[in-house]
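This text is a walk through the spaces in one protein model and the ligand it holds. Please keep the sequence and the structure in view while reading.

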Amino acid sequence: MSRISRRISAIAESPTLAVDAKAKALQAAGEQVVNFGAGEPDFPTPDHIVEAAAAACRDPRNHRYTPASGLPELREAIAAKTARDSGYQVQPSQTLVTNGGKQAVYEAFATLLDPGDEVLVPAPYWVTYPEAIALAGGVAVVVPTTIEAGFRVTVDQLEAARTSRTKVLLMVSPSNPTGAVYSGEELEAIGRWADERGLWVLTDEIYEHLVYGNARFHSLPVLVPSLADRTVVVHGVAKTYAMTGWRVGWMIGPPDVIKAAGNLQSHLSSNVANVSQRAAIAALTGDQSSVARMRAAFDRRRRRIVELLRDVPGVAVAEPEGAFYAFPSFAGALGRPIRGRTSATTLELAEVILDEAKVAIVPGEAFGAPGYARLAYALGDDDLVEGVTRIAKLLAE
Ligand SMILES: Cc1ncc(COP(=O)(O)O)c(C=O)c1O
């Protein structure tokens, strides 16, 4: 018998967290590292949210266990926010408060999948999806997209990948890692196709508020209402309100799915920290002006990073329309020596760039897209310019 189970041995460490950890270790050792690795806003959480949490700390009601599926006030706030922001009408009982959007992803797949059930996963994909699917006994069927296609999957591609075992289609728009945003027409066509085929949809809406230029956010069950009975929405406060460390996310779905996932959570982790839930209530129901302010800063950085990346030798970049990631191709920088080291893959190139330029980027291999790399531009404007300038200098040598 092996010490570690086969199921857990098969899981890799989150590559994005690994890159972030390595960059932070170098920083701690005194190196001036520019870190494009972590997918989190650099802003502090807005004051009124922090104040609500501070007040919650002093209220003994929050020192106790509360219902595993979430504080009733937060579940109501989530239902109201969903109607307000995306136009999707749901009952509070159709929401489940989770320890971050990440736990919602795990619980959704654990609730929906039986061993061998297939999930269509457009690539490049967020690193957690395939692991969450595998842990649930499911099979991730990767559907690749390209920079030329704007990293958006088509109905034809999905149909070609569908089998009799396909149960769920996974969608995320705006996307991590590519920043791609589907148009309403594209999403509706995909939703109709999924509905006609009787598929479930897990739609990750965590970047709902981070869309730029002419791009617009659309919620799948609003575009295709008949899909609602087989749709799970994943969301959270992390990206919208600069609250990655507070760990509050949620799942929205049909009542039977939410009840079953709630049963799972009642044995897994019980209620999310009450202080964090109170902070999330303040975030969702309070003044929303910080959301627009942070979005404007990300938009400025987005335009800047694209402009800078366009001048880097060997790099090709598509303009991201959402989230806070650029996902350029580094194919032109492979296969030639840089400071005596020739990289055959972006995995190796990312290491060379970290060692030689002290800039952390996440290689595309982590997202099922070798040849690319992800740069999160949720860092300060000056760092952003410094980081891309260092990469450009290194690759120009
Ligand atoms: C696409 C996507 N979904 C969900 C999450 C989960 O975020 P959290 O668990 O911090 O709420 C992330 C975080 O990186 C993400 O990028």
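**The ligand and the spaces in the model**

The shell around the ligand is made up of five nonpolar, three polar and four charged residues. The model is a predicted one, and the ligand is a convenient place to start reading it. Going along the chain, the residues that surround the ligand are G100, G101, K102, W126, Y129, N176, D204, I206, Y207, A238, K239 and R247. The element that gives the most to this shell is α5, with three residues.

Some contacts between the ligand and the protein can be followed atom by atom. At G101 the backbone takes part: one of its polar atoms is 2.7 Å from an oxygen atom of the ligand. At D204 the side chain takes part, with a polar atom 2.6 Å from a nitrogen atom of the ligand. R247 also uses its side chain, and here a polar atom lies 2.7 Å from an oxygen atom of the ligand. The ligand taken alone would expose 390 Å², and 92% of that is buried by the protein.

Which space does the ligand take? The ligand occupies the largest pocket. This pocket has a volume of about 510 Å³. Its lining consists of 27 residues, and those that lie nearest the centre are G39, K102, W126, K239 and T244. K102, W126 and K239 also belong to the residues that surround the ligand. Three helices, α2 (15–28), α5 (100–112) and α6 (128–135), each give at least two residues to the lining of the largest pocket. Sorted by class, that lining holds 12 nonpolar, eight polar and seven charged residues.

The next space to look at is the second largest pocket, with a volume of about 290 Å³. It is lined by 18 residues, and N35, D42, A378, L379 and D383 lie nearest its centre. Two or more residues of this lining come from each of α2, β1 (34–35) and α14 (381–396). The helix α2 therefore appears in both pockets, if "supplying at least two residues" is taken as the cut-off and helices are read as DSSP runs numbered from the N terminus. By class, the lining of the second largest pocket divides into seven nonpolar, four polar and seven charged residues.

The remaining spaces are cavities. How many cavities of 30 Å³ or more does a search of the whole structure find? The search finds three. The largest cavity has a volume of about 130 Å³. It is lined by 14 residues, with P122, P124, V172, S175 and Y182 the closest to its centre. The strands β3 (118–123) and β5 (166–172) each supply at least two residues of this lining, and β5 has the largest share, three residues. In the lining of the largest cavity there are 11 nonpolar and three polar residues, and no charged ones.

The second largest cavity holds about 30 Å³ of space. Its lining is made up of M171, S173, L187, T203, H218, S219 and L220. By class these are three nonpolar and four polar residues, again with no charged residue.

Definitions and conventions. Residues are numbered from 1 along each chain as its sequence is written. This is a predicted model: local features need pLDDT of at least 70, side-chain atom pairs count only at pLDDT 80 or more; totals for chains, interfaces and linings use all residues. Side-chain values use heavy atoms; hydrogens and water are left out. On a 1 Å grid over the protein atoms alone, a cavity is a set of points where a 1.4 Å probe fits but cannot get out, and a pocket is an open set with protein on both sides within 12 Å along at least five of seven lines; lining residues have an atom within 4 Å of a point. Grid points are joined across faces, edges and corners, and a volume is the space filled by probe spheres set on the points. Helices (H or I, at least four residues) and strands (E, at least two) are DSSP runs, numbered from the N terminus. Ala, Val, Leu, Ile, Met, Phe, Trp, Tyr, Cys and Pro count as nonpolar, Asp, Glu, Lys and Arg as charged, and the others, Gly among them, as polar. A residue is near a molecule or strand if one of its heavy atoms lies within 4 Å of it. A polar contact is a pair of N or O atoms within 3.5 Å; within protein, one must be able to donate a hydrogen and the other to accept it, and residues adjacent in sequence count only if both atoms are side-chain atoms. Accessible areas come from the Shrake-Rupley method with a 1.4 Å probe; for residues, only the protein chains shown count as cover. A molecule sits in a cavity or pocket if more than half of its atoms lie within 2 Å of its grid points.
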